[in-house]
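Colleague: Before I plan anything at the bench, could you take me through this model in questions and answers?

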Amino acid sequence: MEITDTPPVEVRQVKVTAADGKASVQVDGVDCARFVSGYTIHHRSGEPAELVVQLAPGAVAPSFEGDARVFVGVPYEPGPAAARFLSAIDAGLLEKAALARPELGGPHGYTSAILAQLQQWANGEFDQEGTDGLLS
């Protein structure tokens, strides 16, 4: 989830009650449950908590005011990050690394090896020989 780029906000009174897979989210006594499709609470010792709310599609947000800093979040879309990652891959090194993988055998083995190699590199695992120049 990305957090919207908003100026610092005042600390507001927040109450989140979760039970039986459902949550009630109140900000300054206003029930926001019908506007919120998800939330995350971050809390560091000695600092006010931060409540990040994800608005339900098409919902109009109430005014927010409480004992947490409240941010409005937007759903994380992995597409742009994946596109940047894939555009930086050296095709020759990918093919060489994939051909050396154990997934190469069996049905769809080459495609499985390519996908496994991309997942490994996406996770920052660069232990294959010859991957020093992985990204072009």
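The exchange below goes from the overall fold to the sheets, the cores and the surface.

Colleague: Which pattern of strands and helices does the protein follow along the sequence?

Modeller: Please keep in mind that this is a predicted model. The protein has three helices and seven strands, and, read from one end of the sequence to the other, these elements follow the pattern β-β-β-β-β-β-β-α-α-α.

Colleague: Why is one side of β2 and of β4 left without a neighbour in the sheet?

Modeller: These strands belong to an open sheet of three strands, paired in the antiparallel sense, with the order β2-β3-β4. Within this sheet β2 (14-19) and β4 (30-31) each have a single partner strand, so one side of each lacks a neighbour because both stand at the edges.

Colleague: Which residue in β3 is the bridge partner of Lys-15?

Modeller: The pairing to look at is that of β2 with strand β3 (residues 22-27), which is antiparallel and runs over six bridges. Within that pairing, the partner that Lys-15 finds in β3 is Gln-26.

Colleague: What is the phi of Gly-46, in the turn between β5 and β6?

Modeller: Strand β5 (residues 36-42) and strand β6 (residues 49-55) are antiparallel partners joined over six bridges, and Ile-41, for instance, has Leu-51 in β6 as its bridge partner. The two strands form a hairpin with six residues between them, and in its turn Gly-46 has a positive phi of about 80°.

Colleague: Which helix supplies the largest share of the largest nonpolar core?

Modeller: This core has eight residues, namely Ile-89, Leu-94, Ala-97, Ala-98, Ala-113, Ile-114, Leu-118 and Trp-121. At least two of its residues come from each of α2 (91-99) and α3 (109-122), while the largest share, four residues, is supplied by α3.

Colleague: How many residues does the second, separate core have?

Modeller: Val-25, Val-27, Val-36 and Leu-51 are among the members of this second core, which is separate from the largest one. Leu-51 is also the residue that bridges to Ile-41, and the full count for this core is seven residues.

Colleague: Does Leu-99 count as buried, partly exposed or exposed, and why?

Modeller: Leu-99 is found in helix α2, and together with Leu-104 and Tyr-110 this residue makes a nonpolar surface patch of about 240 Å². Buried would require under 20% relative accessible area and exposed over 50%. Because its relative accessibility is 44%, Leu-99 counts as partly exposed.

Colleague: What share of the accessible surface belongs to carbon and sulfur atoms?

Modeller: Of the 136 residues in the protein, 26% are buried. The accessible surface comes to about 9,100 Å², and the share belonging to carbon and sulfur atoms is 53%.

Note on methods:
Residues are numbered from 1 along each chain as its sequence is written. This is a predicted model: local features need pLDDT of at least 70, side-chain atom pairs count only at pLDDT 80 or more; totals for chains, interfaces and linings use all residues. Side-chain values use heavy atoms; hydrogens and water are left out. A nonpolar core is a set of buried Ala, Val, Leu, Ile, Met, Phe, Trp, Tyr and Cys residues joined through side-chain atoms within 4.5 Å. Buried means under 20% relative accessible area, exposed over 50%, partly exposed in between (1.4 Å probe, protein chains only). Two strands pair if DSSP finds at least two bridges between them. Patches are made of residues with over 30% relative accessible area and no salt bridge: like charges are joined within 9 Å, nonpolar side chains (Val, Leu, Ile, Met, Phe, Trp, Tyr) within 5 Å. Accessible areas come from the Shrake-Rupley method with a 1.4 Å probe; for residues, only the protein chains shown count as cover. A salt bridge is a side-chain nitrogen of Lys or Arg within 4 Å of a carboxyl oxygen of Asp or Glu.
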